[in-house]
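Subject: Handing over the structure

Hello,

Here is the structure I promised to pass on to you. Please open it first, and then read my notes beside it.

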Amino acid sequence: CGICLGEWTNPVKLPCGHSFCANCLSGWKSNYAHDRLCRAKEQQGKRCPLCRGTIPPSQEEVANYKMIKSIVEDKSNIHDYDYETYVREVKLFEAGYGDDWEGNVIEYSNDFVSLPLYVAEAACKGDLRTVLKWLGKGIIKERVNAKCEEGGNTGLLHLAAVTQQRDLMSYLLLNGADANIFDAKGSSVLNNEDVSSKTGRFLLSWGAELFDKGERIASKEMKLGLCDRGGNAAIAKLLSSELGGRRCEVVSARLRGDLVGKTCVAGEYVEESDQYRVTMEFTDESLLLAANKIRRRDRTPRDPGYYVECKKNRLARRDFKSNEACRAFIASLDSGVGELSKVDPDAEAKAEQAAADLLAELGLEDLEGPNSSASKKNNQPAASGKKKKRGGKKKGRK
């Protein structure tokens, strides 16, 4: 790599022929579009560190350009507060990259999957059938992180979050969706001002973090500032503490030993007593626990606490009485993560048939159980074409 001088990691090749690590090039020239025009101008002026050749725009920059250009071209937006800023951003992009940039884009991500516009629109309208049909047509582990270029590289999880479709969010996360998937500006789902406080809590329980311009926000002040900007004071309050909104495990409880190892969701932090108000999973019991008595235990596809499956392009939620029961159910599924959603509608019938075949092989057909009579009936030879004569005397004609 011409920047770090080490072996390439996820190499990116520029039109000039020089290659760099994707992260090194992103550090040299950010792959995210920025709101501040001076910052955008500085980034577009960056050239190849070795030969000063032009660096083309990234996928994220192109997605942002297409999105704001569509806004500018829609004259109904001319009176919007940010309209003039969008106009300047479009002109800056076109001046920086010229007219021949199309088809010459830096692909920072090797696993980038494009989300068709019709699927994105279906997600916004709550048309789950269309979304689920599209997900099922390909490798679902890749498609759950697909991004819509026309929508500013917005992912399905973004769309499900702003429309408060938490079952769809669960389905995506259970199949490997990134809880911190970025849009064209490098913002995570949690940083979207249209996400409700309830959906924000949901995301926090799945380990979501606050990212802005591709960088994780760690300071308490910046977290509060970003959330307050979006008008989400409830999320800002949760993020002001270490475990607020997080799914946690009870590690110690002197007077309640039965709680140890159980999971809960932490809520408000009481600074005076260094305690969290928590809600226990499966029982909904509310209580105060000291901060040092719980530890973070994010939901994962293998330890979610519940399950959402897809059957005939419909989502169905399955609840459990304990985490152990949930994990045992997921472990019983033959497919791995990313294939959890593929539920065979004929699985039950196939299982029964397999059991019947095994019993027959062992010579134990009589032990088949209540369903055996039905199967035997189905296995009877078809009746011959001759009609059975009905009993009784035939009445003669009068």
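Is F211 buried or exposed? F211 is buried, with a relative accessible area of 15%. Before I go on, please keep in mind that this is a predicted model, and that the values below are computed from it.

**The chain as a whole**

To get your bearings, the chain has 398 residues, and 41% of them are buried. Its secondary structure comes to 15 helices and 13 strands. Among the contacts in the chain with a separation of 6 or more, 59% are between residues 24 or more positions apart.

**Aromatic rings**

Now back to F211, since it has a partner. Searching the whole structure turns up five aromatic pairs. One of them joins F182 and F211: the ring centres are 5.1 Å apart, the planes are at 55° to each other, and the pair is tilted. F182 sits in the loop between α9 (166–174) and α10 (197–205), while F211 belongs to strand β5 (residues 211–212), so the pair ties together parts that are 29 residues apart in sequence. F182 is buried as well, and its relative accessible area is 15%.

Another pair to look at is F320 with F329. Here the centres are 5.5 Å apart and the planes are at 45°, so this pair is tilted. Both F320 and F329 are buried. Y307 joins in too: ring pairs link Y307, F320 and F329 into a cluster.

While you have the rings on screen, have a look at two arginines. The charged end of R143 sits over the ring of W134, at 4.4 Å from its centre. In a second place, R317 lies over the face of Y306, and the distance to the ring centre is 4.1 Å.

**Helices α6 and α9**

How do α6 and α9 run relative to each other? The axes of α6 (residues 128–136) and α9 come within 12 Å and cross at roughly 5°. Angles under 35 degrees count as roughly parallel, and α6 and α9 are therefore roughly parallel to each other. On the α6 side, the residues that meet the other helix are L128, V131, L132 and L135, and on the α9 side they are L168, Y171 and L172. The residues of this contact divide into seven nonpolar, no polar and no charged.

**Helix α10 and what follows it**

Next along the chain is a helix with quite a list of buried residues: in α10 these are T199, G200, F202, L203, L204 and S205. What do they pack against? The buried residues of α10 pack against the helices α8 (156–162), α9 and α12 (233–239), and also against the strands β7 (247–250) and β12. Just after α10 you will find G207, which takes a positive phi of about 90°.

**A buried arginine**

R297 is worth a click. This arginine lies in the loop between β11 (294–296) and β12 (306–311). Its relative accessibility is 16%, and residues under 20% are called buried, so R297 counts as buried. Which residues is R297 in contact with, leaving aside its neighbours within four places in sequence? They are R247, C248, E249, G261, T263, D303, N323 and R327.

**Backbone spots and one more helix residue**

Two residues other than glycine have a positive phi. L5 is not a glycine, yet its phi is positive at about 65°. You will find L5 in the segment before β1 (11–13), and at 72% relative accessibility it counts as exposed. N313 has a phi near 60°, again a positive value in a residue other than glycine. N313 lies in the loop between β12 and β13 (314–319), and at 22% relative accessibility it counts as partly exposed.

Lastly, M222 is found in helix α11 (residues 220–229). M222 is partly exposed, with a relative accessible area of 47%. Its C-alpha atom is separated by 10.0 Å from that of D212, and the two residues are 10 residues apart along the chain.

If you would like a place to begin, try the pair of F182 and F211, and then move on to the contact of α6 with α9.

Best wishes

Notes:
Residues are numbered from 1 along each chain as its sequence is written. This is a predicted model: local features need pLDDT of at least 70, side-chain atom pairs count only at pLDDT 80 or more; totals for chains, interfaces and linings use all residues. Side-chain values use heavy atoms; hydrogens and water are left out. Rings of Phe, Tyr and Trp (its six-membered ring) pair if their centres lie within 6.5 Å; planes under 30 degrees apart count as stacked, over 60 as edge-to-face and the rest as tilted. Helices (H or I, at least four residues) and strands (E, at least two) are DSSP runs, numbered from the N terminus. Buried means under 20% relative accessible area, exposed over 50%, partly exposed in between (1.4 Å probe, protein chains only). A charge sits over a ring if NZ of Lys or CZ of Arg is within 6 Å of the ring centre and within 35 degrees of the ring normal. Axes are lines fitted to C-alpha atoms, for helices over the stretch in contact, and angles run from 0 to 180 degrees between N-to-C directions. Angles under 35 degrees count as roughly parallel, over 145 as roughly antiparallel, 65 to 115 as roughly perpendicular and the rest as oblique. Contact means heavy atoms within 4.5 Å. Ala, Val, Leu, Ile, Met, Phe, Trp, Tyr, Cys and Pro count as nonpolar, Asp, Glu, Lys and Arg as charged, and the others, Gly among them, as polar.
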